[in-house]
Amino acid sequence: MKNSTNLHFSAILYNMPKPLRTLIICIIAEILNFLTCDLFYHVLNIPLFFDTIWTVAVVFYCGLLPALCVAIGYNLINSLMWICGEGVSDPFIFFYTICGILIVLSTWLFARRKEEFRISPAITILYLVLIALLSSLCTIISSGIIDYFHYIYYDVPDMMNPIKTFTESFVNHRFSLLLSCILAQIPISFADRCIATFAGYGIYRLAERLINRRQK
């Protein structure tokens, strides 16, 4: 019954005009980004972001522009949620959009050659590792710099930044604040990017099978 429902929904998406199908996929990905982040960070208390898994899937399935819309939309909505829900007026929250854009761009550099991912499982893993390394490097540097100015001008709540304790630990060991912000990003961002990259690609492959499968 469940498989029949999935196939029916997949058939509906498949027969839609491409712009409408892309819009619906992006909306679903946006919602699932928030749900995934809320589940792993707020419910399971895992200190990772988990907010780009579905964005990565959109990069592979829909391409660059839709994924950029998902990344920018997530940070815009997240900023409004903090302002309206928590009463936090902090413009730096939206600045993390830069990180999302860099993640999408660094992923797309490899994802646009999707046919090469199918050469062999080893090639697929190699590409995904390269994406994780490049996107984590972009995240570490951009987020570290944003965190630096964030800490200078605002009192950052613990739940807003899962690496705050790491940053404070480096500061307590007499590292400069800028260096502390960058170093604290390394373990969290690298782990997050590895998980998001592999999970996002897996979701893309699953979606490709479901959505592109015509009902017989």
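## Side-chain contacts in a predicted model

With a relative accessibility of 24%, R205 counts as partly exposed, in a structure that is a predicted model. The side chain of R205 meets that of E208 in a salt bridge, with a distance of 3.5 Å from N to O. Both residues belong to helix α10, which covers residues 177–211, and they are three residues apart, about one turn of the helix. Salt bridges that share partners extend this contact, joining R118, R205 and E208 into one network.

### Salt bridges

The count of salt bridges comes to four, and three of them are set out here with their N to O distances.

| Salt bridge | Distance, N to O |
|---|---|
| R113 and E116 | 3.7 Å |
| R193 and D192 | 3.4 Å |
| R205 and E208 | 3.5 Å |

The surroundings of these side chains deserve a closer description. R113 is partly exposed, with a relative accessible area of 27%, and its partner E116 counts as partly exposed at 25% relative accessibility. For the pair of R193 and D192, by contrast, R193 is buried, with a relative accessible area of 1%, and D192 counts as buried at 3% relative accessibility. Because buried means under 20% relative accessible area, the value of 3% places D192 in that class.

### Aromatic contacts

A search of the whole structure finds 14 aromatic pairs. In one of them, the rings of F92 and F95 have centres 5.1 Å apart and planes at 75°, so this pair is edge-to-face. F92 and F95 both lie in helix α5, which runs over residues 92–95, and they stand three residues apart, about one turn of the helix. F95 counts as partly exposed at 38% relative accessibility, whereas F92 counts as buried at 11%.

F92 also pairs with Y153: the centres of their rings are 6.3 Å apart and their planes are at 10°, so the pair is stacked. This pair links distant parts of the chain, since F92 is in helix α5 while Y153 is in helix α8 (residues 121–153), 61 residues apart. Y153 itself is exposed, with a relative accessible area of 58%.

Elsewhere, one aromatic cluster is formed by F60, Y61, F110, F117, Y127, Y201 and Y204. A contact of another kind involves W108, over whose ring the charged end of R112 sits, 4.9 Å from the ring centre.

### A nonpolar surface patch

The exposed residue Y153 also takes part in a nonpolar surface patch of about 720 Å², which is made by L137, I141, I145, F149, I152, Y153, Y154 and L178. Helix α8 provides the largest share of this patch, six residues, and Y153 has its place in that helix. Y153 thus appears both in the patch and in the stacked pair with F92.

### Cysteines

The structure holds zero disulfides. C138 is in no disulfide, and the nearest cysteine sulfur, that of C99, is 9.5 Å away; because a disulfide requires a pair of cysteine sulfur atoms within 2.5 Å, this distance does not meet the cut-off. C138 counts as partly exposed at 21% relative accessibility, whereas C181 is buried, with a relative accessible area of 0%.

Notes. Residues numbered from 1 in each chain as written. Predicted model: local features only at pLDDT ≥ 70, side-chain atom pairs only at ≥ 80, totals over all residues. Heavy atoms only, no water. Phe/Tyr/Trp six-rings, centres within 6.5 Å; stacked < 30°, edge-to-face > 60°. Helix = DSSP H or I, 4+ residues; strand = E, 2+ residues; numbered from the N terminus. Buried < 20%, exposed > 50% of the residue type's maximum accessible area, 1.4 Å probe, protein only. Lys NZ or Arg CZ within 6 Å of the ring centre and 35° of its normal. Patch = residues over 30% accessible without salt bridge, like charges linked within 9 Å, V, L, I, M, F, W, Y side chains within 5 Å. Areas by Shrake-Rupley, 256 points an atom, 1.4 Å probe, with all protein chains shown as cover.
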